[in-house]
Amino acid sequence: MLVIDVQQGFVDSGDFEKVINRIDYLVHRFKHSHEPIFFIRHKDENTHSLIQDGSPGSAICRKLAPYATEIIDKNLPSAFYRTGLKEKLRIAGVDEVVLCGFNAEYCIFFNSAAAFEHGFKVRVIEDACASVNTGKTYEMNDLDIPDFICTVLYNSGEVTVNELQEFLAGMNAEHS
């Protein structure tokens, strides 16, 4: 599981309680199943960033921080670029990555493509993804960014996209 950029500055910037609760539930399920969990943290040097490196906003969100035992720092949208993530996933025996977190249109999208290019099966949990941006940011007022990005990923034919309950039902079926 890749928990991408769930950093306090993003979490504090909007009403993301439901998304964080879903991610928290996923983390607990993966821990219970003894599946590897990698928290990805974006290190942003921009002084105007919600997650500026070294600021309180750059930390993994408070609710999930106790579970962040494996943190991969990145300074680009892809956590696979010059971080050692691919090797750590291979050592852990991972062949499929499950992604959740922030921001759907950047790091969820980039990491889905990068994981696929590195030979992993890719699954995105749509309702456990969010964006601090809105359609207005991109001059498309009614755009639901996570929905749009997940639709693009799904339509690629290479990425599986599930809602949390659908994913959990499949997980339960595998373990029964």
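**Local environments and packing in the predicted model**

C150 is buried, its relative accessible area being 1%. In this predicted model, C150 forms part of helix α5, which spans residues 145-155. When residues up to four places away in sequence are set aside, C150 is in contact with V124, E126 and V161. Between C150 and V19 the sequence separation is 131 residues, and the corresponding distance from C-alpha to C-alpha is 15 Å.

Aromatic side chains were examined next. Across the whole structure, the search identifies 4 aromatic pairs. One of the pairs is formed by F80 and F120, whose ring centres are 6.1 Å apart and whose planes meet at 40°, so that the pair is classed as tilted, given that angles under 30 degrees would count as stacked and those over 60 as edge-to-face. This pair connects distant parts of the chain, the two residues being 40 residues apart: F80 belongs to the loop between β3 (71-74) and α3 (85-91), whereas F120 belongs to the loop between α4 (104-117) and β5 (121-129). With a relative accessibility of 8%, F80 counts as buried, and F120, at 3% relative accessibility, also counts as buried. The ring of F120 is further associated with a charged group, in that the charged end of R90 sits over this ring at 4.0 Å from its centre. Elsewhere, an aromatic cluster is formed by F10, F16 and F102.

Helix packing was considered for α2 and α6. The axes of helix α2 (residues 17-32) and helix α6 (residues 164-174) come within 12 Å of each other and cross at roughly 10°. Angles under 35 degrees count as roughly parallel, and α2 is therefore roughly parallel to α6. On the α2 side, the contact is made by R22, Y25, L26, R29 and F30, and on the α6 side by L164, F167, L168, M171 and N172. By residue class, this contact between α2 and α6 comprises 7 nonpolar, 1 polar and 2 charged residues.

Backbone conformation was then examined in the loops. Most residues other than glycine have a negative phi. Against this background, D5 has a phi near 55°, a positive value in a residue that is not glycine. D5 is located in the loop between β1 (2-4) and α1 (8-11), and its relative accessibility of 2% means that it counts as buried. H34, likewise not a glycine, has a positive phi of about 60°. The position of H34 is in the loop that lies between α2 and β2 (38-42), and H34 is exposed, with a relative accessible area of 71%. Thus, of these two loop residues with positive phi, D5 is buried, while H34 is exposed.

A further loop position is provided by S55, which lies between β2 and β3. The relative accessible area of S55 is 21%, and this residue is accordingly partly exposed, since the buried class is confined to values under 20%. The C-alpha atoms of S55 and Q8 are 9.7 Å apart in space, although the two residues are separated by 47 residues in sequence.

Technical notes. Residues numbered from 1 in each chain as written. Predicted model: local features only at pLDDT ≥ 70, side-chain atom pairs only at ≥ 80, totals over all residues. Heavy atoms only, no water. Axes fitted to C-alpha atoms, helices over the stretch in contact; angles between N-to-C directions. Helix = DSSP H or I, 4+ residues; strand = E, 2+ residues; numbered from the N terminus. Parallel < 35°, antiparallel > 145°, perpendicular 65-115°, else oblique. Contact = heavy atoms within 4.5 Å. Nonpolar A, V, L, I, M, F, W, Y, C, P; charged D, E, K, R; others polar. Phe/Tyr/Trp six-rings, centres within 6.5 Å; stacked < 30°, edge-to-face > 60°. Buried < 20%, exposed > 50% of the residue type's maximum accessible area, 1.4 Å probe, protein only. Lys NZ or Arg CZ within 6 Å of the ring centre and 35° of its normal.
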